Amino acid sequence: MRKFLVVLDDTRECLNAMRFAAMRAAKTGGGVAVLSVIPPDEFNHWIGVGDIMREEARERIEVHFEVFAKWMRDRQGVNPELVIRNGQVADEIIALIGEDPEIGVLVLGAGTDKKGPGPLVTQLSRNAGSLPIPITIVPGDLSKEKLEAIT
């Protein structure tokens, strides 16, 4: 089975990337892997406090994921899997792609502000030629209707 890998974060463009990945998976008989990364620099506190903060971050991610997962299951018939990692987002994406041979497409949402598409899209597009899978970049301001039409 081919999986669409999508990144779960707190950006607005994440929503369109999730929708696109779920709709494409539903129409092609694929799956969705949702990656969320906890940055290491967020928890440079005492060991005990850092552990508690990491656990709280994990719980927030799981709650956030469940909102998307419910929509994917109910509306698209896709049961996504959640992968939570600690590290730098781009590094963890590349590592997961290398570890899971079923991942066939990376889906990223592009930001819509004047600063550009976002640091993750910028960084990974620069390295797109060396990635073993294609990247689909979904514009952050596409309407739900447009997304449905193109998937």
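Two strands count as paired here if DSSP finds at least two bridges between them, and the helices (H or I, at least four residues) and strands (E, at least two) are DSSP runs, numbered from the N terminus. With that in hand, β4 and β5 pair in the parallel sense over five bridges. Bear in mind that this is a predicted model, where local features need pLDDT of at least 70, side-chain atom pairs count only at pLDDT 80 or more, and totals for chains, interfaces and linings use all residues. Residues are numbered from 1 along each chain as its sequence is written, and side-chain values use heavy atoms, with hydrogens and water left out.

Now zoom out to the whole sheet. It's an open one with five strands in the order β3-β2-β1-β4-β5, paired in parallel. The edges belong to β3 (81-86) and β5 (135-139); each has a single partner strand, so one side of each is left without a neighbour in the sheet. Neighbouring strands are turned by 25° against each other on average, direction ignored; axes are lines fitted to C-alpha atoms, for helices over the stretch in contact, and angles run from 0 to 180 degrees between N-to-C directions.

Next, follow β1 (residues 3-7). On one flank, β1 pairs with β2 (residues 31-38) over five parallel bridges, and Val 7 has Leu 35 in β2 as its bridge partner. β1 also pairs with β4, again in the parallel sense, over four bridges, and there Lys 3 is matched with Ile 103. As for β4, eight of its eight residues are buried, meaning under 20% relative accessible area with a 1.4 Å probe, protein chains only (exposed is over 50%, partly exposed in between).

What lies over these strands? Helix α1 (residues 13-28) lies across β1, β2, β4 (103-110) and β5, running at about 170° to β1. Helix α4 (residues 119-126) packs on the sheet too, touching β1, β4 and β5, with its direction at about 135° to that of β4. Contact means heavy atoms within 4.5 Å.

Back at the β4–β5 pair, Ala 110 stands opposite Pro 139 in β5. The chain gets from β4 to β5 through α4, and this β-α-β crossover is right-handed: with the strands pointing away from the viewer, the path from the first strand over the helix to the second runs clockwise.

Finally, α4 has a helical partner. The axes of α3 (residues 89-99) and α4 come within 10 Å and cross at roughly 50°. That makes α3 oblique to α4, since angles under 35 degrees count as roughly parallel, over 145 as roughly antiparallel, 65 to 115 as roughly perpendicular and the rest as oblique. Val 89, Ala 90, Ile 93 and Ile 94 of α3 meet Leu 120, Gln 123 and Leu 124 of α4.
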